[in-house]
2 protein chains.
Amino acid sequence: MFFLDKWIVILTAVCSALALLFAVLTAKRVMGFSEGTERMQKISASIRKGANAYLGRQYRIVLIFFGAMFVILGVMAFAKLLTPYVPFAFLTGGFFSGLSGFIGMKIATAANARTANACQEGLNRGLRVAFSAGSVMGFTVVGLGLLDISIWLFLLKFVFKLDNADITSAMLTFGMGASSMALFARVGGGIFTKAADVGADLVGKVEVGIPEDDPRNPAVIADNVGDNVGDVAGMGADLYESYVGSIISACALGVAAFSADFKAMALPLMIAAIGVICSIFGTFFVRTKEGATQKQLLGALSRGTNFSAILIALVSFPLVWFVLDKEWTFYIAILSGLIAGVLIGQSTEYFTSDSYKPTRKLAASSETGAATIIISGLSVGMISTLLPILIVAVCVLVAYFISGGGNDPSRGLYGIALAAVGMLSTLGITLATDAYGPVADNAGGIAEMAGLDKSVRERTDALDSLGNTTAATGKGFAIGSAALTALALMASYINKVGSIEGGAAKLANLNINNPTVLIGLFIGACLPFVFAALTMQSVGRAAQSVVVEVRRQFKEIVGLMDGKADADYAKCVDLCTRASLREMVLPTIVAIAAPIIVGIVLGSAGVVGMLAGATASGFLMAVFMSNSGGAWDNAKKYIESGVHGGKGSDNHKAAVVGDTVGDPFKDTSGPSINILIKLLSMVSIVFAAVVVKFSIL
Amino acid sequence: MFFLDKWIVILTAVCSALALLFAVLTAKRVMGFSEGTERMQKISASIRKGANAYLGRQYRIVLIFFGAMFVILGVMAFAKLLTPYVPFAFLTGGFFSGLSGFIGMKIATAANARTANACQEGLNRGLRVAFSAGSVMGFTVVGLGLLDISIWLFLLKFVFKLDNADITSAMLTFGMGASSMALFARVGGGIFTKAADVGADLVGKVEVGIPEDDPRNPAVIADNVGDNVGDVAGMGADLYESYVGSIISACALGVAAFSADFKAMALPLMIAAIGVICSIFGTFFVRTKEGATQKQLLGALSRGTNFSAILIALVSFPLVWFVLDKEWTFYIAILSGLIAGVLIGQSTEYFTSDSYKPTRKLAASSETGAATIIISGLSVGMISTLLPILIVAVCVLVAYFISGGGNDPSRGLYGIALAAVGMLSTLGITLATDAYGPVADNAGGIAEMAGLDKSVRERTDALDSLGNTTAATGKGFAIGSAALTALALMASYINKVGSIEGGAAKLANLNINNPTVLIGLFIGACLPFVFAALTMQSVGRAAQSVVVEVRRQFKEIVGLMDGKADADYAKCVDLCTRASLREMVLPTIVAIAAPIIVGIVLGSAGVVGMLAGATASGFLMAVFMSNSGGAWDNAKKYIESGVHGGKGSDNHKAAVVGDTVGDPFKDTSGPSINILIKLLSMVSIVFAAVVVKFSIL
């Protein structure tokens, strides 16, 4: 397949361009909608301003970090511990990851008032605007991902003329840039959004007794800014990173399995490229009729993702057949990833949607107060880890053994990496359904603040409630793909160490009962717990400062409660910005320092143990925290729909406690853990040579 | 050292007899104290009656389980999949484990009124009675443990004349009996105690607004019964199992490391035996002066345990020198375990005692309500996993490498097992300080119900509050030793499988990146999450039924609130009994079935992965849940001492929510996980041959 080389790069570039073009066209269409009344425009502008200000300051801090890392990596490259491409790859990875989040945030803050306005005309129209905004984000992420890959592929292969093994080895390292950026975005944004949310709710809803999104609440703009910088910008950076990481690690493992034959690199690129086209088709199936029920709305979104998934399943068979010379068994690996992604999403939906028993029972446990709803919510989250782990287990085993891992482990590992690519091939559209949630949430806020008709708020609520489920589904999908990608990266790490002089000896005993591996495993398993604790504490501290400020404003601003004076929204936004930027540093440093320290003390075998432990426990913690949080949120919404005493009842108050606990669970700590486990692998890969050279054990 | 053989058995038997004699004498002394007024006697009698009734019914259910398992193991022995001793060893393990719990419960229920009465005379006297009762339990556990071991050693070595490898292999299996019994006791008792506690608090304290332990509360007796069947009987069975398991696995690994030389079996037995004597000495140092502060009380208890630990450290050096022919490096292994145990206890104390920052900050977070105290409590628990895991890591690495594991892994593994024995050598006295807590708690209840002077309740409260810290310390110690024991058992499992025909081939690839191992790891890591969820849900369901019953009694019994009519205590006890016995079955079945199913599907390599995953994540979950629970409990008590608004304030109400969530965390799910991880290893060992023969992969 000699002729393939150039065409693959071209195909990837073309599909990248198509995705970006589709994003631009969709963005134009979104911008064509009216932003509504002057008041709505004004609110939307404040949210936009706050989000821009936050991101601007975040990027400045991140820039310092990237500058410092660039110097460190440069020195390492100079000392021949790294190839000279690494520092630059690191920068581009971070740049595109950040850009994904930035563009997503831009469109989301442009679409919020438009969605609210469209909801005045009808539910379907509202759904279209919000979903289109989500699509812009989804296709920007995949478009930029493929762009980054094709630029580097072109440079390394055709300009610098490296061999395939060196290409993938260099490209793996831009994952570290993307992961670092993603972690900053997720943690910083996550702390911002939840500090604002918790702060606004605690004083506004609980103490003062005004409704959610009431314009008198000084933290209300900050809350809406938070949805954009956390749930949109953070998520964009996160999934950019998963997407690129899975493709590149599949390329790297393919090169290892097929003695550096380019065809093994070509397959994941082509699957990803084709996935873009299939996802674009899928978006056209997302529409609903007026007065649609919750279930029908969900059906509309599922139709889009399912159609894309089926299309990819159909198209990738001939692709594998053609590219890999009839070795169709790898197709099963891809398919198993695709199916696993869908199943994990469904399991998440079952545990977090109020259409099913777990969340309904959770709502019922509010009858005996806040303590019981907390206990029940924690146990719902914990038990919900079982199905996803079994799904991933079956997927990994099928992908490994069907690809011939029983005889040749390297082929089996390639199979696992292909499963990850398969799972993420629908990312364009799954991310669209996921990112649409915060837009709908914002729209609801604007409807409330602008005093629109009650029916509008009902429609945005319907969209938002659905958004909770799709967000939960999206999180299940993000963590599932993160686990597969992390496993693939772990294999890449082992290959990488093996290729370093003296590295193979360090990996001579990877037995799980080797104490070095085992202790690495213990420490790795502990990292998600520590990380979750740090991020939750950060939210707690930041929220505390918001509470104090909001209380102050209610006390000091005369006429605020009567609507005669305006709250100082900017102050709260600024407070959240400063608090979250301050708080995001420590968790990130922990994530970057841990693999280096573990490596220096325990050596490369200990690092492998650490990666395995962190992946296992991180997967569990992320699913647990995301699902507990999603279930609490929807249990509260379910009660608000009128059961168990409805809004304002004691049961509702208990449910609000659950929801508040769930906030940092599902929007800060849980999703950050996805990134943590991949960043740990990425840092390990980049610093592999240092660890081999300087480790104690 | 030929002559050692007989003398070791005799020494073990003698020390066992000494421990039991000391327990009997101490029990006599406890019984010599007065039970106080007629009302106190009556209350104590009802508690005793309830606890007896519960244990009676529990043992009946357990008997059915043991009967069934005996038949299954008998059939397996008949099919030559097991040696014929296994079914009998299984029974004795279960019997002695159950007996440990039973005797502990007997003395605790006898000592509660006596402690309350002694507190009328002074704090020191109260401490003496409660601590003596704890000592009875502690020395019964170690006495029975050594008794069981010496009987079997005598039978297998001198009657059946087996060789050393066969002896340890057979003895390992009585651990499964002990673990199964312990799991029933911990889960059943844990559900009972927390269902009663949560139920009593939710209606009594929160809804009706009467104080804790108010005699008008229909669930008050059930609550006090619960302290005995859960915290005492459950814990006794649990630690019996750790103690015996660690000694036997050290013997087994010693035999593997020293080519079946008896001296390697002799060492752990002698350390344990000497530990008993040192612990007895330690108990004489536990006394305090009148009007002692919280810190002085804690100091009194620490003095006892520290003295014992130092004594053991001194004595075991010549022991190792003599028994192992001057191979003193193993002494360092023992010492590292001993020190690790103390350090884990101190770390636990730091995170859960209100003398330190974490719990004080937790109490302060009640200022912003229930949600923030929950978030903070969860993060305290999560971050508190870091230190213990680092302590265990250092302990394992030191024990392994100092014992020569670098050159000969089998010696290193023996070193790890010796560390576990070293940690548990002080069990007699650490368990005494641990078991004294529930006695003091009960004494407080009786003081309240019998209407004793306020100063008495203050004294029992001081003892009880200290009990929370020692209980948390004890739990840290229990989980630390469980982790080391589980690692030793994992090594024993690998040896066991290796010794089975065709077994070695199944373990050819234990590499952590072998997907079979890795998937086993994932599933193993998931088990503690599932287990915690199941047990928490059980507590929730059982508590719910108690709430309904207590509400009914308040509504239907005329004059109950005015103290003119008596509550129907027996009904609540009966309800808790039935609920907890019903609920304890599923978690236990999960724990026993999981290793068999994983083994059949993934093979022996998958089982090893599962054990590693379960140990890592189980350790983390157990520490997290125990410490969160302990911190919430003490934060509440700290607020009750008058800070942050004191009793009855909104902050206090928020803290009560935290405490209620913490109840199943620290007394049901957390401690059960210790047993889970050991039971998984034990079941794996017993069913090793079945798995080798019938596994799919």
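## Helix H21 of chain B

In this predicted model, helix H21 of chain B covers residues 650–686, and because its 37 residues should span 54 Å at 1.5 Å a residue, the 53 Å that separates its end C-alpha atoms agrees with expectation. H21(B) nevertheless carries a kink of about 35°, the centre of which lies at Lys666(B).

How many of the 37 residues of H21(B) are buried? The count is 34, so the helix is largely enclosed by the rest of the structure.

## Relation between the two chains

A turn of 180°, combined with a shift of 0.0 Å along the axis, lays chain A on chain B with an RMSD of 0.0 Å. The two copies are thus related as by a two-fold rotation axis. Within chain A, the C-alpha nearest that axis belongs to Asn511(A), at 2.1 Å from it. Both copies use the same surface, in that 100% of the contact residues of chain A recur in chain B.

## Ile151 in chain A

Ile151(A) belongs to helix H4 of chain A, which comprises residues 123–159. Is Ile151(A) buried or exposed? Neither term applies, because Ile151(A) has 16 other C-beta atoms within 10 Å and is therefore partly exposed, whereas a buried residue would need 20 or more such atoms and an exposed one 12 or fewer.

Ile151(A) can also be paired with a residue remote from it in sequence: Ala13(A) is 138 residues away along the chain, yet the C-alpha atoms of Ile151(A) and Ala13(A) are 8.0 Å apart in space.

Methods: Residues numbered from 1 in each chain as written. Chains lettered and ligands numbered in written order. Predicted model: local features only at pLDDT ≥ 70, side-chain atom pairs only at ≥ 80, totals over all residues. Least-squares fit on C-alpha atoms with pLDDT ≥ 70 in both. Contact = placed C-beta atoms within 7 Å. Helix = DSSP H or I, 4+ residues; strand = E, 2+ residues; numbered from the N terminus. Expected span 1.5 Å × (residues − 1). Bend = angle between axes of the 7 residues up to and from the residue.
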